[in-house]
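Visitor: I'd like a quick walk through this one, with the reasoning spelled out. Could you put it up on the screen?

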Amino acid sequence: MFIIIRAESKWGQIFILDSLAQYTPKDDREAQSICERVTPRLSHANAAVVLSAVKVLMKYIEIMTPSTPYVQNLVKKLSPPLVTLLSSEPEVQYVALRNINLIVQKRVDILKNEMKVFFVKYNDPIYVKLEKLDIMIRLANQQNIAQVLAELKEYATEVDVDFVRKSVRAIGRCAIKVEQSAERCVSTLLDLIQTKVNYVVQEAIVVIKDIFRKYPNKYESIISTLCENLDSLDEPEARASMILDHW
């Protein structure tokens, strides 16, 4: 298949790239040939062109023989342009983050070393914050869990109540995803309970209930601490959590 991606029209490039994303190469040789022509688009100034190129390369990576030096090298080339997009204005960031969220669900290795670029900034719009939060959880592993929990704990002190709640829930998701970190996650949640901030306490107790269910008979020693905060529970879900399962 012979292709030319002209430089003068971004919409023309996007159209060609989207067409290539629908095309299935007949073998690895043709796939590599197409990738060689698409890869330069990763440095394009237009975010839509970059994301369209990433879409093509992601598809072809799945098609080609895995673990070959060529595929491994191609995977390494995808991270820098995606990270660069996160320096754009919030609207472009959000589109990039939505795409990145899908990418890490398929190939977490592409951005496994880029956790810090997804840390939330105080002036990020809420829709950007929430998308970053979800990606952080997907990238969380035993090696980076300490810095992830430190970030999430800090987010739990912000003024946006909805974001605080989701940050506390993210700690629970980390505990369930990374079993080796469960004890550290519970310790972080107990620290948040000690803040005595009503909605933080309530959310932490709901989250701990989920951890208890995932790891039964493991964290009963903290029940007394939870009971000490019973008076602060005015939400049905939090009260229910205190009487379910082990309680």
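Visitor: Before anything else, what is the mean pLDDT of the protein?
Guide: Keep in mind that this is a predicted model. Of its residues, 87% reach a pLDDT of 70 or more. Averaged over the protein, the pLDDT is 89.

Visitor: And where does pLDDT stay under 50?
Guide: There is a stretch like that, and the model still gives it 16 contacts beyond four places in sequence. The stretch in question is residues 243–247.

Visitor: On to the inside. Which residues have the most contacts inside the largest nonpolar core?
Guide: That core has 79 residues. Its largest share, 11 residues, is supplied by helix α3, which spans residues 47–63. The ones with the most contacts inside the core are Phe-118 and Leu-152.

Visitor: What does Phe-118 touch, not counting residues up to four places away in sequence?
Guide: Its partners include Lys-132, which sits in a list with Ile-135 and Met-136. The other ones Phe-118 touches are Leu-86, Leu-97, Ile-100, Leu-111 and Leu-139.

Visitor: Here's one about a lysine: is Lys-129 buried or exposed?
Guide: Lys-129 has its place in helix α6. Leaving out neighbours within four places in sequence, Lys-129 is in contact with Val-120, Lys-121, Tyr-122, Asp-124, Glu-158 and Phe-163. Its relative accessible area is 8%, and the cut-off for burial is under 20%. So Lys-129 is buried.

Visitor: Let's do the charges. How many salt bridges does the structure hold?
Guide: One of them joins the side chains of Arg-98 and Glu-131, at 3.4 Å from N to O. Another is between Arg-138 and Asp-134, where the closest N and O atoms are 3.3 Å apart. The full count for the structure is 12.

Visitor: Taking Arg-98 and Glu-131, how many residues apart are they?
Guide: Arg-98 belongs to helix α5 (residues 90–106), while Glu-131 belongs to helix α6 (residues 126–139). Arg-98 is partly exposed at 44% relative accessible area, whereas Glu-131 is buried at 8%. This pair links distant parts of the chain, 33 residues apart.

Visitor: Which helix do Arg-138 and Asp-134 both lie in?
Guide: These two are 4 residues apart, about one turn of the helix. Arg-138 counts as partly exposed at 30% relative accessibility, and Asp-134 is buried with 18%. Both lie in helix α6.

Visitor: Which residues are linked with Asp-134 in a network of salt bridges?
Guide: We've already met the bridge from Asp-134 to Arg-138. The network takes in a further arginine, so to speak, and the residues linked with Asp-134 are Arg-138 and Arg-173.

Visitor: What about Glu-203 and Arg-169: which helices do they lie in?
Guide: Their side chains meet in a salt bridge, at 2.1 Å from N to O. Glu-203 counts as buried at 4% relative accessibility, and Arg-169 is partly exposed at 35%. The pair ties together parts that are 34 residues apart in sequence, because Glu-203 lies in helix α10 and Arg-169 in helix α8 (residues 161–177).

Visitor: Now the cysteines. Why is Cys-174 not bonded to Cys-185?
Guide: Both count as buried, with Cys-174 at 0% relative accessibility and Cys-185 also at 0%. A disulfide needs the two sulfur atoms within 2.5 Å. The closest cysteine sulfur to that of Cys-174 is the one in Cys-185, and it is too far for a bond because the gap is 5.6 Å.

Visitor: How many disulfides does the count come to, then?
Guide: Cys-185 is in no disulfide, its nearest cysteine sulfur being that of Cys-174. By the sulfur-to-sulfur rule, the count comes to 0.

Visitor: Last topic, the backbone. In which loop does Lys-196 lie?
Guide: Lys-196 has a positive phi of about 65°, although it is not a glycine. The loop runs between α9 (182–193) and α10 (198–214).

Visitor: And Asn-217, is it buried or exposed?
Guide: Asn-217 is not a glycine either, yet it has a positive phi of about 60°. You'll find Asn-217 in the loop between α10 and α11 (223–227). Its relative accessible area is 63%, and the cut-off is over 50%, so Asn-217 is exposed.

Conventions
Residues numbered from 1 in each chain as written. Predicted model: local features only at pLDDT ≥ 70, side-chain atom pairs only at ≥ 80, totals over all residues. Heavy atoms only, no water. Buried < 20%, exposed > 50% of the residue type's maximum accessible area, 1.4 Å probe, protein only. Core = buried A, V, L, I, M, F, W, Y, C linked by side-chain atoms within 4.5 Å. Contact = heavy atoms within 4.5 Å. pLDDT = per-residue confidence, 0-100. Salt bridge = Lys/Arg side-chain N within 4 Å of Asp/Glu carboxyl O.
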